[in-house]
Structures are given as C-alpha cells and as structure tokens.
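Q: Please take a close look at one helix and its packing. Then set it against other parts of the chain.

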Amino acid sequence: MADVHTNGNHAAQVGGGKETNDDNDRLKKKIVRHYDMSAGQFLKVWGEHIHHGYFKSPTDTADESQVNQVLLLADLAGISAGSRVLDIGCGIGGTARFLAREKGCKVTAITNSQGQVELARQLTATEAKKAASTSQPPSSTPKDTDFVQLPSTSTDSVAGAVRILHLDVDKAREHLGVSLNEKFDCIWMSEVIFHLHTRQSCFDTASALLESGGCFVIADIFRTAPDPASAPKRVQKELASIRRNHLCPELGTVEEYKQMAEKAGLRLRQEPKDITKNVAKTWETSVPLSSVLYLITQGRDAIGYLRGMQSMKRAYAHDTAMYAVLCFEKP
C-alpha cells in the first residue's frame with residue numbers, strides 16, 4: 001500500500017513537472033479508496049505479500065518468488081535479529097510479519113488504508129494466537145497500537161514483534177520521530193514511492209527517522225526514458241497507461257531517486273540492482289473470476305487495475321519501465 005504526501009500550500013514536484021495540492025488530494029483519495037476496496041481481493045490474488053515476486057528460477061512458485069523478494073531486500077539492507085524496521089505502505093502486513101517471524105525484527109508497519117489496517121491486524125492476531133497455543137499465551141489482549149510478539153519459526157532465532165498503525169507517510173516524521181522519539185535501523189518501502197507526488201519529502205522523512213548507519217531500502221518501478229516528453233509515442237502511451245491504471249504520477253528514474261537521496265543527506269550503500277527480468281513474470285498471475293467480477297463492480301479505477309496488469313507487462317517487455325532495488329545509508 002502507498003501513502004501520498006501533501007505539502008502545505010506549495011506545489012509538489014515530480015521529476016521536472018509540477019502538481020497542485022488539489023492533484024495530490026485527488027490522487028490520495030483514489031489510492032485510499034482503491035486499497036480499502038481491494039484489501040481482501042489482493043489477499044486472494046497475491047497472498048499476504050502484495051508486491052512483485054523475484055523469480056530466481058523458472059520453477060519458483062508465486063509465493064516462493066515473493067519470499068525471495070523480501071529476502072533480497074533484507075539482505076541488501078543488512079537486516080538482522082533485533083533490527084528496528086519501519087515498513088511504509090505495509091499493505092496487509094505480510095512482509096512485516098515475515099521480518100518479525102523469520103528475522104527477529106521489531107517492525108512498525110504503517111498504511112493509510114483503514115481496510116488494510118483492519119485485515120493486517122486480524123492476520124497478525126491470528127498468527128500470534130496460533131503461536132500462543134504452543135507457547136506461553138499473552139497475559140492480556142494487545143491494543144491496536146501495541147507490538148504483537150511473533151515467536152520465531154527457528155528455535156535458535158530471536159522472537160520478533162509487529163505493530164500495525166493507521167498512519168500516512170506525511171505524518172510519520174511527526175508522529176514517530178517527534179511525538180514518540182523513535183528511530184529505526186531500516187526504513188522499508190516496497191512499491192510505494194512510485195505512487196507519490198512529493199517523493200523528496202519521503203526521502204527527507206527517511207533521513208530524519210533513521211539511525212546513523214541505518215538503511216533506506218526501496219523496491220520500485222522506474223521509467224527508463226530520461227525525458228518522457230521527447231520519448232517515442234509508444235513509450236509515452238505505455239507510461240500514460242501506467243499513470244492511469246496504477247494511480248501514480250509520472251514514474252521517476254533511478255537517477256532522480258539518487259539525487260533526492262543525496263539532497264536528503266543519504267548516500268548510496270551499493271549500486272542499484274536491476275531485477276526487471278526476474279520480476280516481470282509477476283504480471284502473468286491469473287486473477288480468479290470472483291475477484292474480476294468484484295473489481296468490475298467497484299468502478300473505473302478497479303477495472304483500470306485489471307487493465308494495468310497488461311500495461312505493466314508490456315512496459316517491462318519494451319524496456320519502457322524497469323524494476324530496481326535501491327539501498328541508501330544515513331552517514
């Protein structure tokens with residue numbers, strides 16, 4: 001799930017263009033409505049991890065590929081037992097629970113979709129309850145803002161914990177950093193920033209909330225054309241289809257992200273990793289008929305998402321878009 005940032009009375013910048021606050025607000029409302037509506041359906045289609053899968057071999061299943069993706073980011077970010085992770089745009093909490101359960105992390109997961117929050121908390125509570133049946137049960141029912149402990153699946157690993165917060169990224173710095181005085185070892189954003197109008201603010205927030213030496217890891221969709229306005233008509237058409245069907249402004253480039261990170265005081269930990277060929281198969285996923293029929297009843301944006309699956313597939317095949325993992329570090 002993605003959070004869209006608004007920026008007072010100033011114009012928002014994406015690449016070289018400008019958008020108004022009205023544009024920000026309209027897009028933000030569409031995205032929240034889309035993810036509120038689709039939370040349950042995405043669980044059916046994509047499983048608990050609502051993101052691309054990293055197919056290391058032709059025999060990898062969709063579920064295995066999504067776990068591969070999480071492990072890849074965790075490895076690049078240097079996550080280990082006890083790491084404090086902020087998962088921005090956490091979806092229904094699949095990645096947060098995995099990092100807590102398999103890596104022993106303490107994960108704060110945020111989304112601005114109430115529908116996703118409710119489902120994420122439900123799934124987290126169910127997992128914790130199953131774990132409690134074979135171990136010491138909790139002494140009391142946790143509050144919505146409490147961390148829920150998820151014992152490790154390995155006997156030699158540290159237990160992790162998760163909390164799911166209904167929080168927009170534009171309020172994360174104030175709420176977590178100022179009000180709660182929290183810092184993180186890793187800030188994790190998987191397929192979130194491409195939705196945003198004011199991407200620079202997101203980098204600024206990450207810089208403010210990271211500990212020194214902490215990592216900002218991003219998995220995102222990028223355009224390959226430096227200047228889309230001068231790109232061939234086919235490229236412009238494919239980029240327009242992504243904007244329309246995936247509810248986002250113009251895709252950014254890897255170079256633009258690097259410049260925003262530098263401006264926020266972050267530095268590259270390692271060179272960006274292009275994994276387009278490994279993730280492209282994600283868009284070959286078949287959508288159950290029941291989900292198709294449901295989405296059709298939810299209006300233009302939901303129908304657009306179905307169309308967008310093909311537009312993303314074409315964009316990858318034609319090298320109009322790429323998928324990469326970026327790792328930045330706070331000095």
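A: Start with handedness: a crossing is left-handed if the near helix is turned anticlockwise from the far one by less than a right angle, and right-handed if clockwise. Helices (H or I, at least four residues) and strands (E, at least two) are DSSP runs, numbered from the N terminus. The model is predicted, so local features need pLDDT of at least 70 and side-chain atom pairs count only at pLDDT 80 or more, while totals for chains, interfaces and linings use all residues. Residues are numbered from 1 along each chain as its sequence is written, and side-chain values use heavy atoms, with hydrogens and water left out.

The part chosen is helix α6, residues 199-209. It is mostly covered: of its 11 residues, nine are buried (under 20% relative accessible area; exposed is over 50%, partly exposed in between; 1.4 Å probe, protein chains only). Those buried residues are Arg199, Gln200, Ser201, Cys202, Phe203, Thr205, Ala206, Ser207 and Leu209.

Two helix neighbours come next. Two packed helices are described by the angle between their axes and the distance between the axes. Axes are lines fitted to C-alpha atoms, for helices over the stretch in contact, and angles run from 0 to 180 degrees between N-to-C directions.

Take helix α8 (residues 254-263): its axis and that of α6 come within 9 Å and cross at roughly 45°. That angle makes α6 oblique to α8. Angles under 35 degrees count as roughly parallel, over 145 as roughly antiparallel, 65 to 115 as roughly perpendicular and the rest as oblique. The crossing of α6 past α8 is right-handed. On the α6 side, Arg199, Gln200 and Phe203 make the contact (heavy atoms within 4.5 Å); on the α8 side, Tyr257, Met260, Ala261 and Lys263 do. By class, this contact of α6 with α8 has four nonpolar, one polar and two charged residues. Here Ala, Val, Leu, Ile, Met, Phe, Trp, Tyr, Cys and Pro count as nonpolar, Asp, Glu, Lys and Arg as charged, and the others, Gly among them, as polar. Arg199, Gln200 and Phe203 also appear among the buried residues of α6.

The other neighbour is helix α5 (residues 169-179). Its axis and that of α6 come within 9 Å, crossing at roughly 15°. That makes α5 roughly parallel to α6. α5 passes α6 in a left-handed crossing. From α5, the contact takes Val169, Ala172, Arg173, Leu176 and Gly177; from α6, it takes Cys202, Asp204, Thr205, Ala208 and Leu209. These residues of the α5 and α6 contact divide into six nonpolar, two polar and two charged. An α-helix has 3.6 residues a turn, so residues three or four places apart point the same way.

The loop that leads from β7 (184-190) to α6 holds glutamate 191. Phi of glutamate 191 is near 55°, a positive value in a residue other than glycine. At 12% relative accessibility, glutamate 191 counts as buried. Aspartate 319 also has a positive phi, of about 65°, although it is not a glycine. Aspartate 319 sits in the loop between α11 (300-317) and β11 (321-329).

Now another helix pair, for reference. The axes of helix α2 (residues 62-77) and α3 come within 11 Å and cross at roughly 65°. That makes α2 roughly perpendicular to α3. The crossing is right-handed. Val67, Val70, Leu71 and Ala74 of α2 meet Thr95, Phe98, Leu99 and Lys103 of α3. The α2 and α3 contact has six nonpolar, one polar and one charged residues.

Leucine 99 belongs to α3 (residues 94-103). Leucine 99 is buried, at a relative accessible area of 0%. Beyond neighbours within four places in sequence, leucine 99 is in contact with Val70, Ala74, Ile79, Val85, Gly104, Cys105, Val107 and Trp188. From leucine 99 to alanine 161 is 62 residues in sequence and 8.8 Å in space, C-alpha to C-alpha.

Glutamate 127 lies in helix α4 (residues 114-132). Glutamate 127 is buried, with a relative accessible area of 19%. Not counting residues up to four places away in sequence, glutamate 127 touches Arg97, Arg101 and Leu150.

Last, the whole chain. It has 11 helices and 11 strands. Buried residues make up 54% of its 331 residues. Among contacts between residues at least 6 apart in sequence, 76% join residues at least 24 apart. The accessible surface comes to about 15000 Å² (Shrake-Rupley method, 1.4 Å probe; for residues, only the protein chains shown count as cover), and 49% of that surface belongs to carbon and sulfur atoms.
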